[in-house]
Amino acid sequence: MTGYSDRDAVIIGAVRTPVGKGKANGALHDVLPADLLAHSLREIVARTGIDPGRVDDVIAGAVTQVGDQAVNIARNALLGAGFPETVPGTTVDRQCGSSQQAISFAAQGVLAGAYDIVIAAGVESMSRVPMGSSVLPGSNPFGAGMAQRYPEGLVAQGISAELIAAKWNLSRTELDEFSASSHEKAARATKDGLFDNELAPIAGLSTDEIIRPGTTVETLAGLRPAFYNESFKERFPQINWEITPGNSSPLSDGSAAVMITSGAVAKRLGLKPLARIHTTTVVGSDPLYMLTGVIPATEKVLARAGLSLPDIDLFEVNEAFAPVVLAWAKDTGADLARTNVNGGAIAIGHPLGASGARIMTTLVNALEQRGGRYGLQTMCEGGGMANATIIERL
C-alpha cells in the first residue's frame, strides 16, 4: 500500500454496535439513542487510545431528530460518554447518508486545517423514534415552491424503489435473488468472524440481530408487496409492485463512530492509520426517482479521484432497496461480485443516521481482510441525493 502525507485525512479507528431490530422487541429498544451513540464514542477512544479531551469536534448523523433523538444528540452523547465538557458536537441530517456526510465534513475539516482529531459518527433508534415522526400533523416541510415545481407530488421511497425496478426492468426474482444473497453473505461473514473487529457489543447483543441465515428466494417469493397503493395505479401504470419487506432494508437500531486525524497528528502520536480519505463528493438527483443518485455520485467521485471502476477493489452500496444496487450496477458497469461482499443493509439493517459510518467501518475492515487498496462507498438519500467516498487502505 502507498504511504500518506502530513496533510492527508486518515482513519485511525472505526467501530459500530451490532444492529438491532427496529421494533419494540428488538435487543436495543431499551437503549436510549444518546446512550447508543455514547457507546460507540467511548469505544472509539478506547480502541484508538486517544484522550477524548484532544478531540476537536464530534459530528454525528441522525435523521429523525425529534423525541429521544432531539436537541443535538451528538453533544448529549459525547457528554454521556464522559468526554470533557470542552469537546463540542453537532448533528447533521443528509437523510440516509447523514453519517457518511459526517465523515466527509470531518475529513474536509482536517484537510482545511480546522481539525487535528475529529470523530464522525451516527445513530438511529428506529424502534424508539419511528421514521417520519418528525413531520408533525398539519405541518408542511416542503413549502409552496416545491408544490409548484412538482405539481403531481413526490412519493415515498418505497414507490421510488418500485419506479426504479420498472425503469431498469428488474424482475421480482432478480430482486429476491439479490436479497437472499445479502443474507447469505452476512451470515457467512458473521460465522467466519469477519465482523468481530468492528463490533462493540451492547445490551447483551454481540452480533447483528436481523440477519436470517438460510433465507431463500423461495421464502422471499411468498412475501406480499409492501407499498401497493391503489391511488398510484393510474399515475404509474408501469409499476409491477415487486418491492416487499424481503427485498427492502428493515427498521433498525444502531450506532457507529469513525476517528479521523491528519497524517501529521497520526505520525506524532504513533498511530497506525487504517486508510486515508482519498476523495469525497455529494450529488443531487431526481427527487421522484430519489434513490438513483448513487449512479452519478459514483461517476463523479471516480472522475474527481482520477480513478476508474477497475481500480476499485471493493464497493459498498447501501441496500436501501434491492433495485437501488442492481440499477447502479447496470448503469455503472460495476462488478456485483466486489459489491457488499459481507452482505448489506437488507440483511444487516439500515439504522438511518448510523448507516454511513456503519458501512465505512465494514468497508475498512473488508479491505484489510482482502488485501485491497481502494474502496468506494455510496448511499442514496431521501429527497434525491447521494454521497460517494473513496478510501485507500494504508
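**Exercise 1. In which helix is the place of Ala 165?**

Task: locate Ala 165 in this predicted model, then describe its surroundings.

Solution.

Step 1. Find the element: Ala 165 sits in helix H5.

Step 2. Check the solvent. Ala 165 has a relative accessibility of 2%, so it counts as buried.

Step 3. List the partners. Setting aside neighbours within four places in sequence, Ala 165 is in contact with Leu 170, Leu 175, Glu 242 and Pro 323.

Step 4. Compare sequence with space. Ala 165 and Ala 322 are 157 residues apart along the chain, yet their C-alpha atoms are separated by 8.7 Å.

**Exercise 2. How many residues of helix H5 are buried, and what covers them?**

Task: widen the view from Ala 165 to the whole of H5, then follow the chain past the end of the helix.

Solution.

Step 1. Count. Helix H5 spans residues 157–167, and 9 of its 11 residues are buried, which leaves the helix mostly covered.

Step 2. Name them. The buried residues are Gly 158, Ile 159, Ser 160, Ala 161, Glu 162, Leu 163, Ile 164, Ala 165 and Ala 166.

Step 3. Look for the cover. H6 and H10 are included in what covers these buried residues.

Step 4. Move on along the chain. Asn 169 follows H5 and lies in the loop between H5 and H6. Its phi is near 55 degrees, a positive value in a residue other than glycine. With a relative accessible area of 64%, Asn 169 is exposed.

**Exercise 3. At what angle do helices H6 and H10 pack?**

Task: describe the packing of these two helices and say what kind of residues make the contact.

Solution.

Step 1. Recall what is needed. Two packed helices are described by the angle between their axes and the distance between the axes.

Step 2. Read both values. H6 (residues 172–191) and H10 (residues 322–332) pack at about 100 degrees, with axes 9 Å apart. Because angles of 65 to 115 degrees count as roughly perpendicular, H6 is roughly perpendicular to H10.

Step 3. Identify the contact. H6 contributes Glu 174, Leu 175, Phe 178 and Ser 179, while H10 contributes Ala 322, Pro 323, Val 325 and Leu 326.

Step 4. Sort by class. The contact of H6 with H10 has 6 nonpolar residues, 1 polar and 1 charged.

**Exercise 4. Which residues make the contact between helices H3 and H12?**

Task: treat this second pair in the same manner, then step back to the loop ahead of H3.

Solution.

Step 1. Start with the geometry. The axes of H3 (residues 98–111) and H12 (residues 355–370) come within 5 Å and cross at roughly 70 degrees. That makes H3 roughly perpendicular to H12.

Step 2. Pick out the residues. Ser 99, Gln 100 and Ile 103 of H3 meet Ser 355, Gly 356, Ala 357 and Met 360 of H12.

Step 3. Sort them. This contact of H3 with H12 has 3 nonpolar residues, 4 polar and no charged.

Step 4. Step back. Gln 95 lies in the loop between strand E4 (89–92) and H3. Gln 95 is not a glycine, but its phi is positive, about 50 degrees. Its relative accessible area of 28% makes Gln 95 partly exposed.

**Exercise 5. Why is there no bond between the sulfurs of Cys 96 and Cys 380?**

Task: decide whether these cysteines form a disulfide.

Solution.

Step 1. Recall the chemistry. A disulfide is a covalent bond between the sulfur atoms of two cysteines.

Step 2. Apply the cut-off. A pair counts as a disulfide when the sulfur atoms are within 2.5 Å. The closest cysteine sulfur to that of Cys 96 is in Cys 380, at 6.1 Å, which is too far for a bond.

Step 3. Check the whole structure: the search finds 0 disulfides.

Step 4. Add the environment. Cys 96 is buried at 6% relative accessibility, and Cys 380 is buried at 1%.

**Exercise 6. Which residues does UniProt list for the "Thiolase C-terminal" domain?**

Task: place the two annotated domains on the chain and describe each.

Solution.

Step 1. Read the record. The unreviewed UniProt entry lists residues 271–393 for "Thiolase C-terminal" and places "Thiolase N-terminal" at residues 10–262.

Step 2. Describe each span. Residues 271–393 are 35% helix and 25% strand, with end C-alpha atoms 15 Å apart. Residues 10–262 are 32% helix and 15% strand, and their end C-alpha atoms lie 6 Å apart.

Note on methods: Residues numbered from 1 in each chain as written. Predicted model: local features only at pLDDT ≥ 70, side-chain atom pairs only at ≥ 80, totals over all residues. Heavy atoms only, no water. Axes fitted to C-alpha atoms, helices over the stretch in contact; angles between N-to-C directions. Helix = DSSP H or I, 4+ residues; strand = E, 2+ residues; numbered from the N terminus. Parallel < 35°, antiparallel > 145°, perpendicular 65-115°, else oblique. Contact = heavy atoms within 4.5 Å. Nonpolar A, V, L, I, M, F, W, Y, C, P; charged D, E, K, R; others polar. UniProt positions renumbered as here; feature names shortened; annotations may be inferred. Buried < 20%, exposed > 50% of the residue type's maximum accessible area, 1.4 Å probe, protein only.
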